[in-house]
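Reader: Walk me through reading a few local features, please.

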Amino acid sequence: METILEQQRRYHEERERLVDAMVKEMLHKKASYRESINSDHRLKLLLDQYLISTERLVDLYEDRDGLRKAEVASLTGPNEFMEFYSRLRQIKDFYRRHPNEISVPMSVEFDEIAKARENPTEELANMVEFSDEEGYGKYLDLHECYEKYINLKGIEKVDYITYLGTFDQLFDIPKERKTGEYRRYLIELVDYLRIFVSRIKPLMDLDIDMQSAMDSMEAQFDNGMFPGWPKEAGSALTNIGAHLELSAFSSWEELASLGLDRLKSALMALGLKCGGTLEERAQRLFSTKGLKSLDPSLLAKSKPGKASKDKDHMRQKELAGLEAQVYRLAELVSAQRTASKENVQRKQARTEGERDDSEAEDSGDESPEEDNDDVPYNPKNLPLGWDGKPIPYWLYKLHGLNISYNCEICGNYIYKGPKAFQRHFAEWRHAHGMRCLGIPNTAHFANVTQIEDALALWEKLKVQKQGERWQPETEEEYEDSQGNVVNRKTYEDLKRQGLL
């Protein structure tokens, strides 16, 4: 049986060897994306073991049961040699009873870890389970979520490639269409993205990241600033009403002359029933004149809709929380998302025979001896064609892709080439930026990329529209008794002076 001090020594040694193994794992060269993911998962296992050893070591140092203190006292007391020979006798008795027992040093276990890293078996080369569509973490497989999305009521039907680029634009969906089926779709989408991120980034603390996104959402949702969930404004007169001084009226007939709407507002201000005919409302209001306490039979019933309103608010907040998680997870998988769109486009451009050949090549390229899994040599960072290879440089310059256009309204997003720049004015990012500025995205603002220029042009257009409005004082024409035609202002001035 190990002593407390021996356990502490073993845990200290294990922690040091784990740190050394993690350093070697991080310094190990990864030849492919598959090896990079496997390396992260091996680091995760080592880190978890390190934390377990640390927790056990802390428990031993805290010494809640007092065994460590008693053991140290026995070793430092007056009979320390007696304790030494007693433990030596226990060791000899143990090996006398178990003569074939071999003590394996801890270094052997870590040597096996190093050998497995250099020469991984088939099981270690596939540490994580991915579908064929995901390509071991390279691409997203959102087909199930896509099927659920296109079956939502009132949602515009799009193809799979468009869905890959717009599945996080949830703020464009009207609030009244976000039903229970929409909630189930969000839950399935969040679950898939969380599992996918945990597989490609095992070292990331996803719970803390999601909690941060939820905290930010709650602050924005309460202020009505969260995308797709504006704050609802109600009418103060509808809920409160307007008080009416009854001392100025001597009979209910005089109150009836005020009309139905004014009587209803006054009854609501007192918390009375506001229904009925004009005479009933006037009599009900006049009966409260000079009273300090109101008749309970005249009071309006409390509205039962408050509980349902609070329930609806909580439901909307839950949906906003799921949307916030989708926004954050979409940022984490942005690289895989772009690669997925390109992969689907390449597959659609190929024939069935070419797809089979490509799948056979992909399966052959996964061997650890070959480095074809890496990104192709592309020193000038050229866009990839349908075959996954960089397009020719002359074609790159012909389309003007070497020219960058910056749009401040889109959050300083950079567009490559004049075609993409002109197309972006009708896309969602530019439209969202204009909406945030409170400016309509019309043809007047084409080729305007600076916020200051857009605001100045909007002010100029408002002044121009104001000048084009019909002004009756100067444009409305009148004819006097002699047949002279003058504008309205001149006519009224002449009439006031008695010259007509």
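**Loops, cysteines and a helix pair**

Author: Asn412 is partly exposed, at 48% relative accessible area (buried is under 20%, exposed over 50%, partly exposed in between, with a 1.4 Å probe and protein chains only). Mind that this is a predicted model, where local features need pLDDT of at least 70, side-chain atom pairs need 80 or more, and totals for chains, interfaces and linings use all residues. Numbering runs from 1 along each chain as its sequence is written, and side-chain values use heavy atoms, without hydrogens or water.

Reader: Which phi does Asn412 have?

Author: Most residues other than glycine have a negative phi. Asn412, not a glycine, has a positive one of about 60°, and sits in the loop between β1 (404-407) and β2 (413-416). Asn447 also has a positive phi, near 70°. That residue lies in the loop between α20 (428-437) and α21 (451-468) and is partly exposed at 46%.

Reader: How many disulfides does the structure hold?

Author: A disulfide covalently bonds the sulfur atoms of two cysteines. Here there are 0 (the sulfurs would have to be within 2.5 Å). For Cys436, the closest cysteine sulfur is in Cys410, 11 Å away, so too far for a bond. Cys436 is exposed at 57%, while Cys145 is buried at 4%.

Reader: At what angle do the axes of α7 and α9 cross?

Author: Packed helices are described by the angle and distance between their axes. Helix α7 (residues 143-150) and helix α9 (residues 180-200) have axes that come within 10 Å and cross at roughly 165°. Among the residues making the contact (heavy atoms within 4.5 Å) are Cys145 and Tyr149 of α7, plus Tyr185 and Leu189 of α9.

Notes
Axes fitted to C-alpha atoms, helices over the stretch in contact; angles between N-to-C directions. Helix = DSSP H or I, 4+ residues; strand = E, 2+ residues; numbered from the N terminus.
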